[in-house]
Amino acid sequence: MGHAKSGAERPLSPHLQIYRPMLTMMMSIAHRVSGAANAIGFLLLAWWLVAISMGPEAYAQVSAFFGSIPGRLLLFLFSWSLIHHMLGGIRHLIWDTGRGLDKVSIEILAWATIIGSTALTVLVWVVGYWLKGAF
Amino acid sequence: MATALKRVRGLGSARSGTETFWRQRVTAVANIPLVIFLILSIVANIGADYAEVRAYLAQPLVAILLLALVINAAIHMRIGLKEIVEDYVHGGAKVVAILLATFFAAGVGLASAVAIVKIGLGS
């Protein structure tokens with residue numbers, strides 16, 4: 001209380017590297033990583049909207065990028081990240097009501113988020129390619 | 001002395017934790033239907049030419065929902081990025097990083113919003 005020197009060697013609480021990796025811990029990290037990744041995705045959305053507002057030439061450029069292999073890969077990862085963060089967020093909202101915090105429920109919710117986000121992302125892309133007439 | 005210094009350095013409770021917590025939840029709930037709408041909008045416009053995409057985005061309801069999305073998401077993103085910064089960056093770099101996160105969220109949000117309005121007004 002008021003006597004601690006800054007820079008003094010204090011004991012630190014154990015952090016990530018000390019624990020055995022667990023699903024719920026990985027999901028917590030995934031929620032944060034996908035949230036940060038969505039920031040990059042937001043930048044892509046802004047680019048797309050601004051290009052459309054500017055005119056056909058700018059739109060052609062952005063379309064060419066999103067149609068390319070790196071562009072499609074980026075969009076696929078963004079859509080996965082977005083859906084994963086959304087389902088992970090719904091999981092958090094359920095927890096906020098005080099429900100689903102027991103050991104069995106957190107495992108079920110974690111798996112539901114992983115499987116749900118992957119399945120929904122694949123579904124979105126299959127529907128997208130189908131609408132485009134790929135099959 | 002210690003308390004005054006703590007206040008100057010911004011340590012301890014900022015007394016706005018509950019407000020930030022609640023704002024993150026409100027924007028999270030609002031984001032659910034808005035993000036679903038965005039995904040459906042993009043999928044529906046795959047392969048569309050410039051005039052078609054522009055006509056789609058110029059519809060008032062589409063413009064309103066997308067405007068709501070980018071404003072809402074920018075607020076949500078700013079809270080989230082600030083939280084990440086506060087966990088990993090310390091000292092003077094923290095202040096710079098929070099400023100950058102804030103400018104990024106505001107910049108991306110405003111650029112998107114102006115684009116949506118411009119498309120909606122046909123200008």
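**Figure 1. The salt bridge between A:Arg32 and B:Asp87 in the predicted model.** In this predicted model, the side chains of A:Arg32 and B:Asp87 meet in a salt bridge, with a distance of 2.8 Å from N to O. A:Arg32 lies in helix α1 of chain A and B:Asp87 in helix α4 of chain B, so the pair joins two chains. Neither end falls in the buried class, because A:Arg32 has a relative accessibility of 23% and counts as partly exposed, and B:Asp87, with a relative accessible area of 41%, is partly exposed as well. A:Arg32 also meets the side chain of B:Glu83 in a salt bridge, at 3.7 Å from N to O, and A:Arg32, B:Glu83 and B:Asp87 are thereby linked in a network of salt bridges. Side chains of opposite charge can pair when their charged atoms come close.

**Figure 2. The salt bridge between B:Arg25 and A:Asp96.** B:Arg25 and A:Asp96 form a salt bridge in which the closest N and O atoms are 2.8 Å apart. This pair crosses between chains, running from helix α2 of chain B, where B:Arg25 lies, to helix α3 of chain A, which holds A:Asp96. With a relative accessibility of 37%, A:Asp96 counts as partly exposed. Between chain A and chain B the count is three salt bridges, while over all chains the count comes to five.

**Figure 3. A salt bridge inside helix α2 of chain B, between B:Arg23 and B:Glu19.** The closest N and O atoms of B:Arg23 and B:Glu19 are 2.8 Å apart, and the two residues form a salt bridge. Both residues lie in helix α2 of chain B and are four residues apart, which is about one turn of the helix. B:Arg23 counts as partly exposed at 41% relative accessibility, and B:Glu19 counts as partly exposed at 47%.

**Figure 4. The course and the buried residues of helix α2 of chain B.** Helix α2 of chain B covers residues 17-44, and at 1.5 Å a residue its 28 residues should span 40 Å, which agrees with the 40 Å that separates its end C-alpha atoms. The helix α2(B) nevertheless bends by about 35° at B:Asn31, and a proline, B:Pro33, follows within four residues. The residue at the bend, B:Asn31, is among the buried residues of α2(B), which also include B:Gln24, B:Thr27, B:Ala28, B:Leu34, B:Val35 and B:Leu38. Further along in the numbering, B:Ile39, B:Ser41 and B:Val43 are buried too. These buried residues of α2(B) pack against helices of both chains, namely α1 (23-54), α3 (69-96) and α4 (103-131) of chain A together with α3 (50-58) and α4 (60-88) of chain B.

**Figure 5. The interface of chain A and chain B.** Chain A and chain B bury about 2,800 Å² between them, and 80% of this area is on carbon and sulfur atoms. In chain A, the residues that lose the most area to chain B are A:Arg32, A:Phe42 and A:Leu49, which together account for 24% of what that side buries. The contact takes 27 residues from chain A and 37 residues from chain B. Seven residue pairs are in polar contact across the interface, both residues of each pair being at pLDDT 80 or more. On the side of chain A that touches chain B, α1, α2 (56-67), α3 and α4 of chain A each supply at least two residues, and the largest share, 12 residues, comes from α1(A).

**Figure 6. The surroundings of A:Thr113 in helix α4 of chain A.** A:Thr113 has its place in helix α4 of chain A and is buried, with a relative accessible area of 3%. When its neighbours within four places in sequence are left aside, A:Thr113 is in contact with A:Met27, A:His84, A:Leu87, A:Gly88 and A:Arg91.

**Figure 7. Helix α3 of chain A and its two ends.** The helix α3(A) has 28 residues and reaches 40 Å from its first C-alpha to its last, close to the 40 Å expected at 1.5 Å a residue. At the N-terminal end, A:Ser68 caps α3(A), with a side-chain oxygen that lies 3.2 Å from the backbone nitrogen of A:Gly71. The helix α3(A) is followed by A:Gly98, whose phi is positive, near 90°.

Notes: Residues are numbered from 1 along each chain as its sequence is written. Chains are lettered from A and ligands numbered from 1 in the order in which they are written. This is a predicted model: local features need pLDDT of at least 70, side-chain atom pairs count only at pLDDT 80 or more; totals for chains, interfaces and linings use all residues. Side-chain values use heavy atoms; hydrogens and water are left out. The expected span of a helix is 1.5 Å times one less than its number of residues. The bend at a residue is the angle between axes fitted to the seven residues ending there and the seven starting there. Buried means under 20% relative accessible area, exposed over 50%, partly exposed in between (1.4 Å probe, protein chains only). Contact means heavy atoms within 4.5 Å. A salt bridge is a side-chain nitrogen of Lys or Arg within 4 Å of a carboxyl oxygen of Asp or Glu. Buried area is the accessible area (1.4 Å probe) that two parts lose on being put together, summed over both. A polar contact is a pair of N or O atoms within 3.5 Å; within protein, one must be able to donate a hydrogen and the other to accept it, and residues adjacent in sequence count only if both atoms are side-chain atoms.
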